[in-house]
Amino acid sequence: MTTIKTMSDQDLSEAANRCELDLIQAAELAPQGERHEECFAALYCLCVEMTRRGMTFKPVGVIQ
């Protein structure tokens, strides 16, 4: 089973980028909806692990 802590740096970065795009889509479709909240929480967890590793999250999407 893969967990955030066992992901490679590359996998963690790619997961955060995908999660960010999911978050943007969820915010557009149903702001404050369950999926929006789940995506935000997931991205937060990924960013916490990235920070722990000394990585920097670079947003790929643009929220309008």
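This is a short walk through the structure, one selection at a time. Keep in mind that the model is predicted.

**Stop 1: helix 1**

Start by selecting residues 9–29, which make up helix 1. The helix has 21 residues, and the distance from its first C-alpha to its last is 30 Å, close to the 30 Å expected at 1.5 Å a residue. Now pick out its buried positions: Leu12, Ala15, Ala16, Cys19, Glu20, Leu23, Ile24 and Ala26. What covers them? Helix 2 is part of the cover over the buried residues of helix 1, so show residues 34–52 as well, since that is the range of helix 2. For the spacing of positions on a helix, remember that an α-helix has 3.6 residues a turn, so residues three or four places apart point the same way.

**Stop 2: alanine 15**

Zoom in on alanine 15, in helix 1. Its relative accessibility is 11%, so alanine 15 counts as buried. Which residues does alanine 15 touch, leaving out those up to four places away in sequence? Display Met7 and Leu46, and you have the contacts of alanine 15 on that count. Then draw a distance from the C-alpha of alanine 15 to the C-alpha of leucine 43: the two are 28 residues apart along the chain and 8.6 Å apart in space.

**Stop 3: the cysteines**

Next, show the sulfurs of cysteines 19, 39 and 45. Cysteine 39 has cysteine 19 as its closest sulfur neighbour, but at 5.5 Å the gap is too far for a bond. Cysteine 45 also has its closest cysteine sulfur in cysteine 19, here at 9.0 Å, and again that is too far for a bond. The cut-off for a disulfide is 2.5 Å between sulfurs, and the count by this rule is zero. While you're here, check the surroundings: cysteine 39 is buried at 10% relative accessible area, whereas cysteine 45 is partly exposed at 39%. Cysteine 19 was already on the list of buried residues in helix 1.

**Stop 4: the salt bridges**

How many salt bridges does a search of the whole structure find? The search turns up four. Take aspartate 9 and arginine 53 to begin with: their closest N and O atoms are 2.7 Å apart, and they form a salt bridge. This pair links distant parts of the chain, with aspartate 9 in helix 1 and arginine 53 in the segment after helix 2, 44 residues apart. Both partners are partly exposed, aspartate 9 at 44% relative accessibility and arginine 53 at 24%.

Keep arginine 53 selected and add glutamate 49. These two also form a salt bridge, with the closest N and O atoms 2.9 Å apart. Is glutamate 49 buried or exposed? Glutamate 49 is buried, with a relative accessible area of 5%. Add Arg52 to the selection too: salt bridges with shared partners join Asp9, Glu49, Arg52 and Arg53 into one network.

For another bridge, go to aspartate 22 and arginine 35, where the closest N and O atoms are 3.9 Å apart. Aspartate 22 is in helix 1 and arginine 35 in helix 2, so this pair ties together parts that are 13 residues apart in sequence. Aspartate 22 is partly exposed at 35% relative accessibility, and arginine 35 is partly exposed at 37%.

**Stop 5: the loop**

Move to the loop between helix 1 and helix 2 and select glutamine 32. Look at the backbone here: glutamine 32 has a positive phi of about 70°, although it is not a glycine. Its relative accessible area is 67%, so glutamine 32 is exposed.

**Stop 6: a nonpolar patch**

Turn on a surface and colour Phe40, Tyr44 and Val48. Together they form a nonpolar surface patch with about 340 Å² of accessible area. Phenylalanine 40 belongs to helix 2 and, at 52% relative accessibility, counts as exposed.

**Stop 7: after helix 2**

Finish with lysine 58, in the segment after helix 2. Lysine 58 is exposed, with a relative accessible area of 60%. Draw one last distance, to serine 13: the C-alpha atoms of lysine 58 and serine 13 are separated by 8.8 Å, with their places 45 residues apart along the chain.

Key. Residues numbered from 1 in each chain as written. Predicted model: local features only at pLDDT ≥ 70, side-chain atom pairs only at ≥ 80, totals over all residues. Heavy atoms only, no water. Patch = residues over 30% accessible without salt bridge, like charges linked within 9 Å, V, L, I, M, F, W, Y side chains within 5 Å. Areas by Shrake-Rupley, 256 points an atom, 1.4 Å probe, with all protein chains shown as cover. Salt bridge = Lys/Arg side-chain N within 4 Å of Asp/Glu carboxyl O. Helix = DSSP H or I, 4+ residues; strand = E, 2+ residues; numbered from the N terminus. Buried < 20%, exposed > 50% of the residue type's maximum accessible area, 1.4 Å probe, protein only. Expected span 1.5 Å × (residues − 1). Contact = heavy atoms within 4.5 Å.
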